[in-house]
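Biologist: I'm still new to reading models like this one. Could you pick one part and walk me through it slowly?

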Amino acid sequence: MLRGEQGRAVQEALQLQLEVGRFFGAKRFVPVSNVHMMGDIEVMGDAGKSFLERAAQSGAKCRQPTTTNARCIDFAHVENLKQDKDEARKEKELIACLRRMDVITADTCINYQTLYQPHLGEHVAWGDTGTVIYANSVFGARSNFEAGPAALAAGLTGRVPAYGFHLDEHRRGTFQVNLKADLADLADWGAVGKIVGSSHQDYYAVPVFTGMKRTPTADELKQLGAALASYGSMGMFHMVGVTPEAPTLKAAFGGRRPKETMTVTNRDIEKVYAGYDTQNNPLNLVVFSGPQQSLLEMKQLAALLKDRHVAKGSQLFITTSNGVKSAAKELGYLKAIEDAGAIVLEGVCFYILQNLPQMRVREGWSNLVTNSAKLANIIGAHKFNTILRRTAECVDIACTGRDVR
Amino acid sequence: MKAPKPIRLKRAFGPVVEGVALVSTEGFSPRYDLDRWSGLISRPGHALEGHNIRDKILITPSAKGGIAAGWAFYDIRAKGIAPKAFVFGVTNPVMVQGAVFAGITITEGWSASPYDSIRTGDIVRVDPAKRTLTLLRRGNPG
């Protein structure tokens, strides 16, 4: 590969992996069985698109199943969101380019719920931090954060340098978090992720959660993981008695002692909610996204929105995958949601929507209300003031324009 | 001014660069914090809000989230608004993959806190082969 006999794209991919491996002191490569990559025009820009076109032109193909993360355009909504038609064209070209390289353009950030569930110890190369922390923690699979070019490189070479979470030494817990909170809503789990992540910003910090009052659901673990990764840049957590590498507290720490122990209480969670402020601006935008909604979340939203309607002057956006949207349509959830005036976008994430900064100004959005702690964190660069609220509260705000607190 | 001892860096990639330091007490993400069309730190309340990273040597304690950084570095390099180097206290693989892909100097870890000796506006040198960060001369803050 390095000599270029398999083409320049593969050669460059391996060179990139070697440099990254060298940086982290990797001694070897490990084969990966699944790859998940981020690649859309908003994120890549023209330079990234040109790079990809050169790679596709050279005939390079992914040698392991490679899927794509959420993208920036739902082609059915380009007109009504007044997105840039030229960028939409580029996005289409980009998708065609990825398909030529044998990339499965599934466009979802919940691949772990909808596409592929790796097993304990399986090495994968996933992008989108929320997918990685879920793979490492909930499945016991092994992945580092693989950025777009790095994931594509893994798809082309079928391997990754063995550092970080591919190695046992980085998978052990480093500190303990006692949960003394009820955690009844998805947003509460995100709030835990915010509290724990913000105070421990370190890729190699691995929290070990104890004290759960019940078994958390997949969607709750999704919100927790996404928030830990977003606020703390973390790639792994353990939950004693829940996640596969933490049958006991001792096993979770792998013989090491926790560096510290912290506790999260109901009061801490309430403090998170109290920390947001409307700044006396209207509450006219509510978003369920980042990560995309699962079918169970769609069902819940359909129930919460039944016989209600989004307030005049307000907008409610929900993003999900193509597969989930199809199922939601079949099951009637989609109709209930859309009848209430919500806009359901497929294959995208709200925060990378093409033209979002312009959309914000045009629509007069200042506040963004969401039940996703991750979204509340990451959309700041677009100058939104974000407000985290529980799921039913978000729906109430969407339908009344008023905060419930 | 007595020549200060260089700060030792734990890991490093890229060419030797010299430039104006931009020192942040807060972590950095090119997705969460940056306007990727101007190079300005745009997130309200960020420690460097309003500063431009273009051609700077960005010294920051940590990396925040963000898989998209991998393409973002390549993108800002092509747009001519990339910094000369990222000097992280702790970073994550995305930043490293992105910087290597874009050919931007990146380092992680330091033997002594640069916050005690280096201020925004100072002229510094990053030498990845020697794994050093050196204050060359005092500059104008801001």
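Modeller: Sure, let's look at where domain 1 of chain A touches domain 3 of chain A. Before we start, keep in mind that this is a predicted model, so to speak: local features need pLDDT of at least 70 and side-chain atom pairs count only at pLDDT 80 or more, while totals for chains, interfaces and linings use all residues. As for labels, residues are numbered from 1 along each chain as its sequence is written, and chains are lettered from A and ligands numbered from 1 in the order in which they are written.

Chain A is split into domain 1 (8-168), domain 2 (172-273) and domain 3 (277-400); bounds like these come from an automatic or database domain assignment. Take the centres of domain 1 and domain 3 of chain A over C-alpha atoms, and you get 26 Å between them. Domain 1 of chain A brings 21 residues to the contact, and domain 3 of chain A brings 18 residues. Two residues are in contact if their C-beta atoms, placed from the backbone, lie within 7 Å.

Now zoom in on the domain 1 side of chain A. Helix 2 (41-57) and helix 4 (111-114) of chain A each supply at least two residues there. A helix here is a DSSP run (H or I, at least four residues), numbered from the N terminus. Helix 2 of chain A gives the most to this side, with three residues.

And what sort of residues are they? On the side of domain 1 that touches domain 3 of chain A, eight are nonpolar, six polar and seven charged. Nonpolar covers Ala, Val, Leu, Ile, Met, Phe, Trp, Tyr, Cys and Pro; charged covers Asp, Glu, Lys and Arg; the others, Gly among them, count as polar.
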